[in-house]
Amino acid sequence: MDDKMTSGEIAKKAGVSQKAVRLYDEKGLLKPTEYSDGNYRLYDKEALQILEKIVALKQIGFSLEEIRDNLTSGDAKDIEEALKMQLAIMEEKRYKIDMVIDAINRTLAQKEEALDWDDVARIIQSVTLDQAADLAHWKSLQRTISEDWYVQIFRTMNFEKGGKVLDLGCGFSKIWRNNWDIIPEGTKIYAYDLPGSWAEDFEKFIEENKGSLPKDVVIDLVYSDLDKAASWEKIDSEQNYDRIIAHYIDNEVQNIEAIVERASKVLNRGGFFSINGPDVTVWDLFLKNAMSEAGIEENFLDEKIKESLAERDAYIEMLGKYFSKIETIELHNSFRFVDVDDIFECFQRRNKNQAKFFSVNEKKIREYFADKIAKDGEIIITTDSHFQHCYI
């Protein structure tokens with residue numbers, strides 16, 4: 001009895017509550033070494049070591065079920081793999097927490113006077129959209145096997161020396177960052193975005209790297225709301241532009257058609273306005289074919305593809321109201337998947353309103369992807385995206 005500890009004593013040594021010790025017993029993680037004559041739980045030093053392991057694994061984010069599995073297997077390879085997976089999960093959680101902290105800090109920094117809730121909602125919405133796009137791009141980079149996406153886009157813009165460029169909703173500005181040293185000499189870039197957006201980070205980037213810009217390149221970053229007439233008074237004052245960029249801004253402005261109309265009035269003849277809108281996504285076509293091969297019935301993809309086609313056609317029709325010529329630029333990007341969880345979760349994210357479908361068919365879908373990866377060593381999905389170059 002002298003070398004045994006009560007539940008209170010072992011809890012104190014491990015820095016947890018007695019209630020936690022009882023819970024770990026109920027969950028099968030930590031059984032008493034023996035019981036006293038009064039039927040009290042007693043624990044030895046080995047039990048204390050197990051409890052300390054439980055506490056350590058819980059602190060780094062493992063669930064009690066995962067901890068039980070790890071304690072049961074005890075295999076070094078399993079433990080290493082579990083830690084790697086947990087590290088990836090915690091890094092993504094940290095990234096998301098950092099995004100929230102960043103959004104709040106940016107919002108607080110915007111006004112010296114008191115903020116109202118409209119300010120908070122508008123700024124955080126803008127920052128959240130920027131950050132979601134950045135996170136999506138970061139995840140894509142983990143799988144892409146193609147040339148840098150923003151290098152491809154930059155090349156299609158055919159920027160010329162001494163040109164004037166209007167960048168609407170510049171955000172983090174990968175089109176400029178990723179092509180910094182090949183921006184044509186003498187280019188004047190007028191970049192607009194909301195205060196509190198990722199454009200603030202771009203402003204820091206400009207200041208830190210302006211010495212390496214090609215000769216006579218000027219970047220004028222303006223914080224302004226493109227839905228407001230005052231923004232366009234400033235844009236109009238700079239007269240006409242040779243290139244106007246409006247990439248990935250559909251969800252960031254209240255009225256995209258109003259932006260298109262205003263852009264058409266400040267575009268030089270011979271230049272073009274570049275915008276991207278709804279696409280009939282290859283992801284949907286791939287999933288439809290995959291479900292057919294797997295023998296899984298789905299009744300939502302045909303409708304989704306049909307809606308995408310209608311949205312794209314309506315978008316191009318809208319552009320045709322303001323421009324006499326519309327040229328479609330198609331870019332391709334290939335993504336490589338070697339992990340079933342990765343590709344399954346990717347399609348889940350792209351079809352968030354189909355949670356029931358993925359829940360009901362999860363086993364079959366995973367088996368299909370696992371068979372494809374086992375057979376070919378990987379799954380490659382080559383997507384295409386459409387950019388419209390619009391001419392007066």
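**Exercise 1.** Which helix gives the most to the lining of the second largest cavity?

*Solution.* The model is predicted: local features need pLDDT of at least 70, side-chain atom pairs count only at pLDDT 80 or more, and totals for chains, interfaces and linings use all residues. Residues are numbered from 1 along each chain as its sequence is written, and side-chain values use heavy atoms, with hydrogens and water left out.

Step 1: fix the terms. On a 1 Å grid over the protein atoms alone, a cavity is a set of points where a 1.4 Å probe fits but cannot get out, and lining residues have an atom within 4 Å of a point. Helices (H or I, at least four residues) and strands (E, at least two) are DSSP runs numbered from the N terminus.

Step 2: list the lining. The second largest cavity is lined by Asn276, Gly277, Pro278, Asp279, Arg312, Tyr315, Ile316, His386 and Gln388.

Step 3: assign the elements. At least two lining residues come from helix 13 (301-320), and at least two from strand 10 (379-391). Helix 13 gives the most, with three residues.

**Exercise 2.** Describe the cavities by volume and lining class.

*Solution.* Step 1: the count is two cavities of 30 Å³ or more. A volume is the space filled by probe spheres set on the grid points, which are joined across faces, edges and corners.

Step 2: the largest cavity has a volume of about 100 Å³, and the second largest holds about 40 Å³.

Step 3: eleven residues line the largest cavity, with Asp193, Leu194, Leu226, Glu252 and Val253 nearest its centre.

Step 4: sort by class. Ala, Val, Leu, Ile, Met, Phe, Trp, Tyr, Cys and Pro count as nonpolar, Asp, Glu, Lys and Arg as charged, and the others, Gly among them, as polar. The lining of the largest cavity has four nonpolar, three polar and four charged residues; that of the second largest has three nonpolar, four polar and two charged.

**Exercise 3.** Work out the strand order and the edges of the seven-stranded sheet.

*Solution.* Step 1: two strands pair if DSSP finds at least two bridges between them.

Step 2: the seven strands form an open, mixed sheet in the order 6-5-4-7-8-10-9. Strand 6 (218-223) and strand 9 (325-337) each have a single partner strand, so one side of each is left without a neighbour in the sheet.

Step 3: check one pair. Strand 7 (residues 241-246) and strand 8 (residues 267-275) run parallel and are joined by five bridges. Ile245 has Ser274 in strand 8 as its bridge partner.

**Exercise 4.** How do helix 12 and helix 16 cross?

*Solution.* Step 1: axes are lines fitted to C-alpha atoms, for helices over the stretch in contact, and angles run from 0 to 180 degrees between N-to-C directions. The axes of helix 12 (residues 282-294) and helix 16 (residues 362-376) come within 10 Å and cross at roughly 95 degrees.

Step 2: this makes helix 12 roughly perpendicular (65 to 115 degrees) to helix 16.

Step 3: name the contact (heavy atoms within 4.5 Å). Helix 12 brings Phe286, Ala290, Met291, Glu293 and Ala294, while helix 16 brings Ile365, Tyr368, Phe369 and Lys372. Seven of these residues are nonpolar, none polar and two charged.

Methods:
On a 1 Å grid over the protein atoms alone, a cavity is a set of points where a 1.4 Å probe fits but cannot get out, and a pocket is an open set with protein on both sides within 12 Å along at least five of seven lines; lining residues have an atom within 4 Å of a point. Angles under 35 degrees count as roughly parallel, over 145 as roughly antiparallel, 65 to 115 as roughly perpendicular and the rest as oblique.
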